[in-house]
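Student: I would like to go through this structure with you, one topic at a time. Could we begin once it is on the screen?

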Amino acid sequence: TSGAATLVAYVGSLLLLMSLAVYGQWVVSGVLEERNNRVVELILATVRPRHLLAGKVIGIGLIGLAQLALIAGLAAVLLAAGAFDAPTSLGADLALVIPWFALGFALYAIAFAAAGALASRQQNADTAGQPVMYTLVAVYFAGYVALSVNPDGPLANILTVLPVTAPLVLPARSALVGGPVWQHALAVV
């Protein structure tokens, strides 16, 4: 694999990890803040809990998606301007990060929100999100190891389609060796 593809794969994965972690903590803090201020009791009198949670996840997710799209747009402008000596497929690899952020955020934000709902005080926000954060970090390192050893190996193929690992592994694997469309579809499902 080329050096640029390897760089995009690992930096893209790390960017996804950091984004999911930061915005996931925002979800935990938001859920706890509403609980502690008793605002949630007033809101739940008129809104179903599922809709309240969806609104929180979608709102924070759109902020994260906008920031990630801004970063990807800047990278695309720099690539188009010739600021980097990069292969032509690099733009497609960068573009793949955006939908996988959205899918990964949807999955992990709900887990972060559930963790926040279980915490009792705002001071416990970091502790509440730790199991989800540890899962994210473990997934990142498992994907890093699998892709470093053999991006076309059985472990990399399995991690590509598992829902918990796909948001971090699939974009990186696509940048390194590509991937069949059916794996992308299976990972989305």
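Tutor: The discussion below takes up the interior spaces, the nonpolar cores and the charged residues. Please keep in mind that this is a predicted model.

Student: What is the volume of the second largest pocket?

Tutor: The second largest pocket has a volume of about 240 Å³. Its lining includes Val31, Glu34 and Arg35, and also Leu52, Leu53 and Lys56. Ala113, Ala114 and Ala117 are among the other lining residues.

Student: Which helices supply at least two residues each to that lining?

Tutor: Helix 1 (3-36), helix 3 (49-80) and helix 4 (90-118) each do so. Helix 3 gives the most, with 4 residues.

Student: And how does the lining of the second largest pocket divide by class?

Tutor: There are 9 nonpolar and 3 charged residues in the lining of the second largest pocket, and no polar ones.

Student: Moving on to enclosed space: how many cavities of 30 Å³ or more are there?

Tutor: The count is 2 cavities of 30 Å³ or more. The largest cavity holds about 60 Å³ of space.

Student: Which residues line the largest cavity?

Tutor: Ala9, Tyr10 and Ser13 are among them, as are Val139, Tyr140, Gly143, Tyr144 and Leu147. Leu168, Val169 and Ala172 also belong to the lining of the largest cavity. Helix 1, helix 5 (125-149) and helix 7 (166-177) each supply at least two residues, and helix 5 gives the most, with 5.

Student: What about charge in the lining of the largest cavity?

Tutor: That lining has no charged residues; it consists of 9 nonpolar and 2 polar ones.

Student: New topic, the packing. How many residues does the largest nonpolar core have?

Tutor: The largest nonpolar core has 26 residues, and Val27, Phe105 and Leu168 have the most contacts inside it. Helix 1, helix 3, helix 4 and helix 5 each supply at least two residues of this core. The largest share, 8 residues, comes from helix 1.

Student: Is there a general background to that?

Tutor: In soluble globular proteins, nonpolar side chains tend to be buried together.

Student: Which residues does phenylalanine 105 touch?

Tutor: Leaving aside residues up to four places away in sequence, phenylalanine 105 touches Leu20, Tyr23, Gly24 and Val27. Val57, Ile60, Gly61 and Ile110 are also in contact with phenylalanine 105. A second, separate core has 10 residues, including Tyr10, Leu147, Leu159 and Val169. Of those, Tyr10, Leu147 and Val169 also appear in the lining of the largest cavity.

Student: Now the charges. How many salt bridges does the structure hold?

Tutor: The structure holds 1 salt bridge. The side chains of aspartate 152 and arginine 173 meet in it, at 3.2 Å from N to O. The two residues are 21 apart in the chain: aspartate 152 is in the loop between helix 5 and helix 6 (154-161), and arginine 173 is in helix 7.

Student: Are those two partners buried or exposed?

Tutor: Aspartate 152 is partly exposed, with a relative accessible area of 48%. Arginine 173 is buried, because its relative accessible area is 3% and the cut-off for buried is under 20%.

Student: One last residue. Where does aspartate 126 lie?

Tutor: Aspartate 126 lies in helix 5. Its relative accessibility is 55%, so aspartate 126 counts as exposed. Between aspartate 126 and glycine 116 the C-alpha to C-alpha distance is 9.1 Å, at a separation of 10 residues in sequence.

Key
Residues numbered from 1 in each chain as written. Predicted model: local features only at pLDDT ≥ 70, side-chain atom pairs only at ≥ 80, totals over all residues. Heavy atoms only, no water. 1 Å grid on protein atoms, 1.4 Å probe; cavity = no way out; pocket = protein on both sides within 12 Å on 5 of 7 lines; lining within 4 Å. Points joined across faces, edges and corners; volume = space filled by probe spheres on them. Nonpolar A, V, L, I, M, F, W, Y, C, P; charged D, E, K, R; others polar. Core = buried A, V, L, I, M, F, W, Y, C linked by side-chain atoms within 4.5 Å. Buried < 20%, exposed > 50% of the residue type's maximum accessible area, 1.4 Å probe, protein only. Contact = heavy atoms within 4.5 Å. Salt bridge = Lys/Arg side-chain N within 4 Å of Asp/Glu carboxyl O.
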